[in-house]
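I opened this entry to look up how the chains meet and how the strands are arranged. My notes follow the display.

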Amino acid sequence: MSTVKSKKLQVGTDATSSNNFTIYQPATPDGTLRIGVGNADSPTEVGRFNSNGYVATNAPAFSATSSANTPASSGVLTKLILDTEQFDTNSNFDNTTNYRFTPTVAGYYQINGIVITPSNADSTTIVIYKNGSHYVSTVAFHATIGVTNRYNISVLLYLNGSTDYIELYAAQYGGTVLGAGATMNGILIKAT
Amino acid sequence: MTLYEKITTLYPDLTNADFMPEGTIMLQNDSDGRGDYIREWNHPTLAQPTQEQLDGV
């Protein structure tokens with residue numbers, strides 16, 4: 001058996017470089033094996049293996065939270081002002097203007113929301129909007145009025161990687177705000 | 001007075017259930033500074049109030 005030692009191995013010889021792949025060690029070895037699209041002279045990395053297994057380079061994951069209360073009239077579905085990013089691996093979350101997640105990689109995403117409602121509210125609605133329209137919702141009736149309540153919503157959905165976006169809305173009934181600390185987070189589960 | 005309060009003043013028989021998903025009325029605020037608005041009004045018997053009616057409450 002022979003042993004081949006190389007820093008790069010191109011798979012494919014198509015005239016169109018984007019039809020070929022290259023597996024390679026980075027110029028400064030760091031314990032990873034890179035996988036790129038393109039010929040061996042200039043591959044574009046799409047993923048890598050490290051000692052823990054495979055890591056997709058561009059797989060979006062994000063978490064954003066509200067640093068202050070979001071003003072919200074009773075009975076009005078209100079978009080949560082998620083102005084603080086905890087992480088945003090692909091810079092796909094807008095935490096300054098529209099408070100929405102618009103991933104640039106197509107695929108199936110797990111999305112979670114957490115809403116905190118005031119102690120004087122008697123019920124809460126949470127809705128995940130896709131492209132400005134109701135996609136999935138949950139309603140909770142508070143067992144005890146007088147305590148702050150936290151509720152979750154989760155969904156697995158498809159986003160096309162270009163124009164699709166999601167937002168987190170909620171309504172409370174009886175108070176005037178949605179509490180600081182509301183969170184939306186998500187991660188690409190399967191690219192398409 | 002909020003939009004919700006004006007509507008429930010005009011129509012006191014409405015309940016919170018009317019304003020929940022799968023209810024008859026959807027009020028929305030996009031947190032863009034434009035305030036609350038009626039996004040959908042699907043109540044089977046009550047007509048959507050006019051701006052004049054809301055302003056008069």
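Before the hairpins I fixed my terms: strands are DSSP runs of E with at least two residues, numbered from the N terminus, and two strands pair if DSSP finds at least two bridges between them. The model I am reading is predicted.

Entry on the sheet of chain A. I found that a hairpin of two residues joins strand 4 of chain A to strand 5 of chain A, and that these strands run antiparallel with four bridges. On its other pairing, strand 4 (residues 44-50) of chain A is joined to strand 3 (residues 33-37) of chain A by five bridges, also in the antiparallel sense. I noted G47(A) in both pairings, since it is the bridge partner of I35(A) and is itself partnered by A56(A) in strand 5 of chain A. The hairpin of strands 3 and 4 of chain A has six residues between the strands, and there G38(A) takes a positive phi near 120°.

Entry on the interface. I looked up the contact between the chains, to which chain A gives 23 residues and chain B 14 residues. About 1400 Å² is buried between them, with 55% of it on carbon and sulfur atoms; on the side of chain B, M20(B), P21(B) and S31(B) lose the most area, together 35% of what that side buries. I counted zero salt bridges between the chains, whereas nine residue pairs are in polar contact across the interface. Strand 1 (residues 25-29) of chain B supplies the largest share of its side, four residues.

Entry on pairing across the chains. I saw that strand 8 (residues 77-79) of chain A pairs with strand 1 of chain B in the parallel sense over two bridges, with L77(A) opposite Q28(B).

How values were computed: Residues numbered from 1 in each chain as written. Chains lettered and ligands numbered in written order. Predicted model: local features only at pLDDT ≥ 70, side-chain atom pairs only at ≥ 80, totals over all residues. Heavy atoms only, no water. Contact = heavy atoms within 4.5 Å. Buried area = accessible area lost by both parts, 1.4 Å probe. Salt bridge = Lys/Arg side-chain N within 4 Å of Asp/Glu carboxyl O. Polar contact = N/O pair within 3.5 Å; in protein donor to acceptor, adjacent residues only side chain to side chain.
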